[in-house]
Amino acid sequence: MNVLSSMFLGLVQGVSEFLPISSSGHLALFQYFFGLVSPEESMFFDVLLHLGTLIAIFVYYWKDIVGLCKELVHLISCLFSKEKRQQLKRLPPNGRMILMIVIATLPLFVVLPIKDKVEGLYGNTIFVGVALVVTGCLLFYSDRMSRGKKGPKSATMLDALLVGVGQAVAVVPGLSRSGSTISAGMMRGFHRRFAVRFSFLLSIPAVLGANILSIGDAVQQGIDVSQLPAYLVGTIVAAVSGFFAIRLVNMLADKGKFGHFAYYCWGIGAAAVVASLIFR
């Protein structure tokens with residue numbers, strides 16, 4: 001893999017991870033049809049690309065993350081102090097947000113036993129194409145719903161759980177994680193900006209957990225040290241493009257143009273299915 005290939009894949013990861021068009025689906029299609037990265041390289045490079053998009057979230061939402069970390073420390077201190085334990089009965093917005101993220105992450109543990117089967121779908125480009133079409137339908141429907149008003153103070157734990165179910169289902173390649181979680185939030189009456197914010201903050205434990213599970217396998221496969229400069233470039237491109245993609249999603253969701261991505265997903269999904277049948 002050369003530097004240009006790594007830059008291209010970093011751009012694809014950074015943009016498609018946050019735009020509701022499925023990064024896993026796009027990387028699977030590019031790998032299958034263009035072979036831009038070998039199977040031996042793909043796992044470790046994939047971990048680094050996700051690290052790049054994680055950096056983008058930390059940079060964009062750093063104030064939120066700092067606030068959540070401070071609140072988490074406070075909540076832990078309350079658990080070990082009888083005098084402060086009463087404060088847990090009325091959680092502030094950041095405290096509720098932490099609890100919502102924890103609850104929304106739980107459905108991912110249901111997916112762990114079938115992790116290998118899900119990963120096996122990456123090579124099935126017809127399935128990926130169909131999943132992209134389904135993503136398009138989800139986006140088209142969600143953008144036509146009435147605007148919700150729920151925020152961290154009024155959203156319920158059931159709302160968080162159902163958004164988490166959307167995230168768990170979206171581990172399937174071709175289903176957009178951001179598209180599924182943001183759409184699920186909108187369907188539960190979340191304010192559009194809050195739906196986007198919650199979706200991206202929710203991705204932090206999901207991406208961290210996935211990388212921790214994958215890095216051991218990636219190291220066992222072997223790391224080509226000579227490719228590290230190309231890997232680094234791809235990671236940086238993923239981080240920078242991811243930052244601007246987050247900004248774009250916030251802007252489009254707020255203006256009610258989130259569903260415009262549906263047409264793209266339908267087009268690329270249909271093209272993937274047709275190309276898979278032709279070049280089988």
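In the predicted model, S276 is buried, its relative accessible area being 3%, which places this serine under the 20% limit that defines burial. The residue belongs to helix α13, which covers residues 261-278. Two polar contacts of its side chain were examined. One, at 2.5 Å, links the side chain of S276 with that of T125. In the other, the side chain of S276 approaches the backbone oxygen of A272 at 2.6 Å. When residues up to four places away in sequence are left aside, S276 touches F33, T125 and I126. T125 is thus named both among these neighbours and as the side-chain partner in the polar contact of 2.5 Å.

The chain that holds this site contains 13 helices and 0 strands, so that each element in the order from the N terminus is α. The radius of gyration is 19 Å, close to the 19 Å given by the globule rule for 280 residues, and the chain is therefore as compact as a globular protein of that length. The C-alpha trace extends over about 65 × 45 × 35 Å along its principal axes.

Of the 280 residues in the chain, 49% are buried. Among contacts with a separation of 6 or more, 83% are between residues 24 or more positions apart. The chain exposes about 13700 Å², of which carbon and sulfur atoms supply 70%. With regard to charge, 24 side chains are positive and 14 are negative, and a distance of 16 Å lies between the centres of the two sets.

Terms used:
Residues are numbered from 1 along each chain as its sequence is written. This is a predicted model: local features need pLDDT of at least 70, side-chain atom pairs count only at pLDDT 80 or more; totals for chains, interfaces and linings use all residues. Side-chain values use heavy atoms; hydrogens and water are left out. Helices (H or I, at least four residues) and strands (E, at least two) are DSSP runs, numbered from the N terminus. The radius of gyration is taken over C-alpha atoms; the globule rule is 2.2 Å times the number of residues to the power 0.38. Buried means under 20% relative accessible area, exposed over 50%, partly exposed in between (1.4 Å probe, protein chains only). Contact means heavy atoms within 4.5 Å. Accessible areas come from the Shrake-Rupley method with a 1.4 Å probe; for residues, only the protein chains shown count as cover. Lys and Arg count as positive and Asp and Glu as negative; His and the chain ends are not counted. The place of a charge is taken as NZ of Lys, CZ of Arg, CG of Asp or CD of Glu. A polar contact is a pair of N or O atoms within 3.5 Å; within protein, one must be able to donate a hydrogen and the other to accept it, and residues adjacent in sequence count only if both atoms are side-chain atoms.
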